[in-house]
Amino acid sequence: MPTINILPKEVYSLIAAGEVVERPMSVVKEMIENSIDAGAKHITLEIKNGGTTYIRITDDGCGIPRQEVKKVFISHATSKIETSADLEAISTLGFRGEAMASIAAVAKVELLTKTADEAEGTRYEIAAGEEKDFSPAGCPNGTTIVVRDLFFNVPARMKFLKKDVTEGNSVQGVVDRIALSHPEISFRFIREGKQVLVTAGNGDLKSTVYSIFGGDFSNSLLPVEYEYGGMKLTGYASKPHEARKNRAMQFFFINGRLVKSATACAALEQAYKNSIMVGKFPACVLNIEMNAKLVDVNVHPAKIEVRFINEKPVFDLIYYGVKTAIETKNTVKDANGLFADDGGRFKPAQQKTARVDFGVKQEPPSQMKINFGGFTPQPKRQNSWSAAAPKPQEHVRKDSYGNPEDFVIRDKTSIKVDGAQEDEYKIVAPINFKDDRKQIPETMVLGKAEKPEPQVIEEKDEAPDFTVVGEAFNTYIIVEIKNDLFYIDKHAAHERMNFEKLRAEAEQGIASQVLLSPATVKLSAEEYDCVLDNLPLLAKCGFAAEDFGNSTVIVREIPSLLGGADVKDLIVEIAGKLLEHKTDIEPDKMDWIFHSASCRAAVKGGDYTSPQEREMFVKKLLLMPDIRYCPHGRPVMVRVSKYELEKQFGRIQ
């Protein structure tokens, strides 16, 4: 029979220390958090040999009274909480009272501290849990802790430490993240005798981001400020075209505490859907201010994992907050950032160069004509293309790229049928484009008392000077701009144009057309229930559908953008997507519907397009600089520079 042993203090203290102190970065994290809880405004950290032999942290916090100093290194002794009820609303970074006892159990620790009320400070030394010295000392107000020879009494643990450079990088990562969570505190980090970080401590998060990550990263961020359900979201998120290859630059904080949260990560990436390429990830530095009673931080010894009482409000806060920032604060840039000139603005087109067209010369059959934007191009007239007819009392945005006479408020007066359904409109009043602002759906400002003031988007009147060289495989339009060639996937680009048009029209009402022969669509039981649950949503997206019984729905109207698309296949596809991607977020559901509709309405790869249509299409695309990817995340344009071509042909080395 095995015997149950009561472990001596020196054994169980080492076990407890192993849960809290794993590496030098663990020591640094715990001690800096204590300095923050002490009210410090300036914190200095110095390490040597990656922190394995020397760690010194100095702060100007409140200090520790002499009679309390020894309690610091007693397990489960803390000034942060008193009763079990305090665990329900933890507002401090530390609260368990384990960190300093665990550090002292595996290292040599020296503490110097003084409060503002004391005439002299206190010096205390402890090693492997044993007191070495306790005496008065001269020192400034605040606390200085020096940790030497980490794991000197636990050789087995020391063997698992990595190289000094690696451990030092981990420590620097901890300092960076804590500095981001508290921009009001000035941090100074000295590594191997060199100062590698200083933050201003002026409360400006952008300044802190700049100090840590540099100008390129800080300039790629959009400010985020949003309130919802008694919670507040502040910080920065990356511009869509600045997406990264991994999630390493995603930082989430709750009440100033760095956390890892699958909910926060999912909400962030959902907000960027349709804005960045598949396989890339946004960056962010976001802090959530919320009632401490709504989040449990007492989940893991490292205190980095949290649980929410209700995850949905947190998801919505991040999703709508970031989505709002993207829609209102993302300055329009040229596609892929490739045609920037004069601060990112397009210069007026200069004298055109001779055009060489390697496209097919014969006229295609009439049924193969491609309609980019609901019209037949007229090459003799500038900006002659127009989007589908606007809905009644709809402001036609300038980025719908219609005729000048189309930029008006129109009133629907009659409907006539002449082989197809048509709407007739009359001009009511002109639109002043100087005051036209990029709006966002009301659903993106849930929980705010006032809608955030949208940023005025500067309109582009002129595309850069370009030459359509031809078309490859009836799929990729080849365009020359300055010293670059661009291959445009016409299906992906047209699909994105349609998608953006549907999203822009969604708030006012999407123009729809009545089917001369209503379509009945047979669905599976699950798809049928899903479609019936989303009939109002389908109506917002331009589909007039209703229950026809026996797992069948009947569709009477579709968005006018779709033209002659196969309605039955489209409804089946939409039903499948709504069933597969179940979500309570209405804009997300609408995006899935718009995905399917815009794809069906877009010109297909392999379809012939005439030289005139290519010219009009490229010009329209270049005037829509926020189009970089199709709704599925594929790029719409690929660049090959003149330099790369000449290098391939051996003209340059």
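Is Tyr124 buried or exposed, and what is its relative accessible area? In this predicted model, Tyr124 is buried, with a relative accessible area of 4%.

The structure holds 7 aromatic pairs. One of them joins Tyr124 to Phe134 in an edge-to-face arrangement, with 5.7 Å centre to centre and 75° between the planes. Tyr124 belongs to strand 4 (residues 121-127) and Phe134 to strand 5 (residues 130-137), so this pair ties together parts that are 10 residues apart in sequence. Unlike the buried Tyr124, Phe134 is partly exposed, its relative accessible area being 31%.

Another pair is formed by Phe213 and Phe217, and this one is also edge-to-face. Phe213 is partly exposed, with a relative accessible area of 26%, while Phe217 counts as buried at 7% relative accessibility. The geometry of these two pairs is set out below.

| Aromatic pair | Centre to centre | Angle between the planes |
|---|---|---|
| Tyr124 and Phe134 | 5.7 Å | 75° |
| Phe213 and Phe217 | 5.2 Å | 70° |

Tyr124 and Phe134 also belong to one aromatic cluster, together with Phe73. Phe134 has a further contact with a charged residue: Lys70 lies over the face of its ring, at 4.7 Å from the ring centre. Phe134 thus has an aromatic partner in Tyr124 and a lysine over its face.

A charge over a ring is found at Phe152 as well, where the charged end of Lys108 sits 5.1 Å from the ring centre.

Key:
Residues are numbered from 1 along each chain as its sequence is written. This is a predicted model: local features need pLDDT of at least 70, side-chain atom pairs count only at pLDDT 80 or more; totals for chains, interfaces and linings use all residues. Side-chain values use heavy atoms; hydrogens and water are left out. Rings of Phe, Tyr and Trp (its six-membered ring) pair if their centres lie within 6.5 Å; planes under 30 degrees apart count as stacked, over 60 as edge-to-face and the rest as tilted. Helices (H or I, at least four residues) and strands (E, at least two) are DSSP runs, numbered from the N terminus. Buried means under 20% relative accessible area, exposed over 50%, partly exposed in between (1.4 Å probe, protein chains only). A charge sits over a ring if NZ of Lys or CZ of Arg is within 6 Å of the ring centre and within 35 degrees of the ring normal.
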